[in-house]
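Hello,

Here is the structure I promised to pass on. My notes follow below it.

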Amino acid sequence: MDNKFFDSVIKEMDEAINEIGLKVEGNVLSNDQKSVKIEYSEARQMYTLSVADVTEGAIGEYKEINAWLFDDTQTKKDAECVGMDFAESLRKEFGVKVQKTRTNSIVDLPTAQKGDDYGITAFTKKMLDVFPALKDEYKAHIAHYGNFLYINFFGEHLIPRLVRLFEEGTAKQIKKFYNVVVDFYTNGDADTINTVVAVLAAASYKNSTVDAKIKEMLNDNKHFLNSYVMFVPFFNKNQKLLSALIKK
């Protein structure tokens, strides 16, 4: 485990570790019933949480129960979000009720259902994976509104991160984002496709640098590029979309 934010992940899990009664040895947490392993995979660029049953002192096969995308764009705050989510997974795995929760910790993260692999819910889940800090903000949003107002949520939380990605991100990071959104543009329903194009248009609103980076990103997919280019003028004049997606 050589990711520099490992300590931040573990620190956010301390409360759950104490509640369950786990012994900590490096990246392994254990008691007489189960062994838990926290790892960072450079190849997958993910934090993973795996659990194995312990029988008479013998550790069985580890099974991954949670994973978070985490690359070099992420920060200490993002690592803390990983730790919070892993803590909830631990409590669920060991059947421990939360003793002291954050207001938004009771809100479930979106889960794509069968047949909704490329719908808005699946797209939201992917965006929360690409930008882990959004997971906590998603929970706060649901706790506040009681429902998912996805356009407003994307405007408040996703768009600023996209602007930062295109202004400061490396070619590799932008390519990684493209590989996610192109699937939804190609396979999504009409609402999802429109949303994908709209969030890109919102990110480039009055920002020539971002606009140029997006066009460069889409250059190998002329259909996607054309949709974006044609939508931008419409977006710039649509007050409803502007008020929902552009937050001052």
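Glu56 counts as exposed, because its relative accessibility is 83% and the cut-off for exposed is over 50%. Bear in mind that this is a predicted model. Glu56 lies in the loop between strand 4 and strand 5 (58-59). Its phi is positive, near 50°, and Glu56 is not a glycine.

Lys206 is another residue to look at. Phi of Lys206 is near 55°, again a positive value in a residue other than glycine. You will find Lys206 in the loop between helix 7 (190-203) and helix 8 (208-218). Is Lys206 buried or exposed? Lys206 counts as exposed, because its relative accessibility is 73%.

Now to helix 1. It covers residues 6-20, 15 residues in total. At 1.5 Å a residue, helix 1 should span 21 Å. Its end C-alpha atoms are 20 Å apart, so the two values agree. Helix 1 also has a kink of about 50°, centred on Met13. Met13 is one of the buried residues of helix 1. The others are Phe6, Ser8, Val9, Ile10, Ala16, Ile17, Glu19 and Ile20.

What do these buried residues pack against? Four strands and a helix are listed: strand 1 (23-25), strand 2 (28-30), strand 3 (34-41), strand 4 (46-55) and helix 2 (76-94). Strand 4 also borders the loop that holds Glu56.

One last point on helix 1. Just after it comes Gly21, with a positive phi of about 85°.

Best wishes

Key
Residues are numbered from 1 along each chain as its sequence is written. This is a predicted model: local features need pLDDT of at least 70, side-chain atom pairs count only at pLDDT 80 or more; totals for chains, interfaces and linings use all residues. Side-chain values use heavy atoms; hydrogens and water are left out. Helices (H or I, at least four residues) and strands (E, at least two) are DSSP runs, numbered from the N terminus. The expected span of a helix is 1.5 Å times one less than its number of residues. The bend at a residue is the angle between axes fitted to the seven residues ending there and the seven starting there. Buried means under 20% relative accessible area, exposed over 50%, partly exposed in between (1.4 Å probe, protein chains only). Contact means heavy atoms within 4.5 Å.
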